[in-house]
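Reader: Hello! I have just opened this structure and would like to learn how to read it. Could you walk me through it, one feature at a time?

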Amino acid sequence: MAGCLGGGGDTITIGSDIPYRPFEYRTTENELVGFDVDIAQAVFTDELGYEHEFQETSFDTIIGSLNNGNFRVIMSAMTITEDRAEEIDFSDPYFTAYQTAIVLNSSDISSKEDLRGVAVGVQKGTTGESAAKSLKEEFDGDLTIQSYDQVTGAFDALRNNQVSAVINDNTVNAEFAEQSDNVRFLEGTGAAEEQGKENAPPYLTFTVEEYGIGFRKDDDELREEVNGALQTIRDNGTYDEIYSKYFSG
Ligand code: ARG
């Protein structure tokens, strides 16, 4: 009866902004894959016995959509923030991330200070956008922020020299850098070192963040089931298996 545990055949709909490689993206065969996709399978289906289904949505409006009932939960590499936690609840953290900046190899930008006065690309509504806004304040307004509906818009703008840097989650920037071969991270110490993070990435970090699965505020029962399943997959090695599939080292 494992298939009936908790769900009794319910389908959990999962709102997500795609593509956000390596968390949620499509292969050339149009198959939806990624770290979140595998975690969703392990948690909702393998552990809790629900059917589940991803539903594409825009990141900027994803919290309102959840609260409107367009889907049951959010899994979208979403950072747990205080502001968001006023509107929705989060699972226990399931991934640590850092805001980082990438530039073209050919760029003469080599430090955070060099970003003063340039245009940076971010995805609308993300913590990358918030990090850019904080930087703009630090620079007394001397920074231009270009916000794109999807992170791929920001990456394209970088490639086309429409922005000088992209501020975004480290592993997503790393994936893009790996595929591009003409992109590098800005180096330097930052939030990761200040917060004493072991395994801090070897480049400049603006923030340290944790991803959570998002729930409506009245969905405590499901949230607690999911927290239990997240703990189980950490204990039984499934989490590590999924992790090493998408991230080396
Ligand atoms: N972690 C960042 C945030 O929560 C970016 C998430 C963007 N996710 C996505 N699937 N596009 O704001």
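**Helices, domains, ligand and backbone**

Author: Happily! Let us begin with a pair of helices: the crossing of helix 1 and helix 9 is right-handed. Keep in mind that this is a predicted model.

Reader: How do I describe two helices that pack together?

Author: Two packed helices are described by the angle between their axes and the distance between the axes. Here, helix 1 covers residues 35-47 and helix 9 covers residues 238-246; their axes come within 10 Å and cross at roughly 160°.

Reader: What does that angle say about the directions of helix 1 and helix 9?

Author: Angles over 145 degrees count as roughly antiparallel, and helix 1 and helix 9 are therefore roughly antiparallel to each other.

Reader: Which residues should I click on to see helix 1 meet helix 9?

Author: On helix 1, pick Phe35, Asp38, Ile39 and Ala42; on helix 9, pick Thr238, Ile242, Lys245 and Tyr246. Sorted by class, this contact has five nonpolar, one polar and two charged residues.

Reader: At what angle does helix 1 pack with helix 8?

Author: The angle is about 110°, and the axes of helix 1 and helix 8 (residues 220-235) are 10 Å apart. That makes helix 1 roughly perpendicular to helix 8. Ala42, Val43 and Glu47 of helix 1 make the contact with Val226, Ala229, Leu230, Thr232 and Ile233 of helix 8. The classes in this contact are six nonpolar, one polar and one charged. As for handedness, helix 1 passes helix 8 in a right-handed crossing.

Reader: Let me zoom out. Which domains does the protein have?

Author: The domain assignment gives domain 1, made of 2-94 + 212-246, and domain 2, made of 96-208. Their C-alpha centres lie 26 Å apart. Where the domains touch, 11 residues of domain 1 are in contact with 14 residues of domain 2. On the side of domain 1 that touches domain 2, there are five nonpolar, three polar and three charged residues.

Reader: And where does the ligand lie relative to domain 1 and domain 2?

Author: Look at which domains supply the shell around the ligand: both domain 1 and domain 2 give residues to it, so the ligand lies between them. The ligand is surrounded by 16 residues, and the closest are Asp17, Tyr20, Ser76, Thr79 and Thr126. By class, that shell has seven nonpolar, six polar and three charged residues.

Reader: What should I look for along the backbone?

Author: Exceptions to the common pattern are a good place to start. Most residues other than glycine have a negative phi, and most peptide bonds are trans.

Reader: Which residues does a cis peptide bond join?

Author: One cis bond joins Ile18 and Pro19, with omega about 10°. Another joins Arg21 and Pro22, with omega about 15°. Pro19 sits in the loop between strand 1 (11-16) and strand 2 (25-26), and Pro22 is also in the loop between strand 1 and strand 2.

Reader: Which residue has a positive phi although it is not a glycine?

Author: Try Ala77, whose phi is about 50°. To find Ala77, follow the loop between strand 5 (73-74) and helix 3 (82-87).

Definitions and conventions
Residues are numbered from 1 along each chain as its sequence is written. This is a predicted model: local features need pLDDT of at least 70, side-chain atom pairs count only at pLDDT 80 or more; totals for chains, interfaces and linings use all residues. A residue is near a molecule or strand if its C-beta atom, placed from the backbone, lies within 6 Å of it. Ala, Val, Leu, Ile, Met, Phe, Trp, Tyr, Cys and Pro count as nonpolar, Asp, Glu, Lys and Arg as charged, and the others, Gly among them, as polar. Domain bounds come from an automatic or database domain assignment. Two residues are in contact if their C-beta atoms, placed from the backbone, lie within 7 Å. Axes are lines fitted to C-alpha atoms, for helices over the stretch in contact, and angles run from 0 to 180 degrees between N-to-C directions. Helices (H or I, at least four residues) and strands (E, at least two) are DSSP runs, numbered from the N terminus. Angles under 35 degrees count as roughly parallel, over 145 as roughly antiparallel, 65 to 115 as roughly perpendicular and the rest as oblique. A crossing is left-handed if the near helix is turned anticlockwise from the far one by less than a right angle, and right-handed if clockwise.
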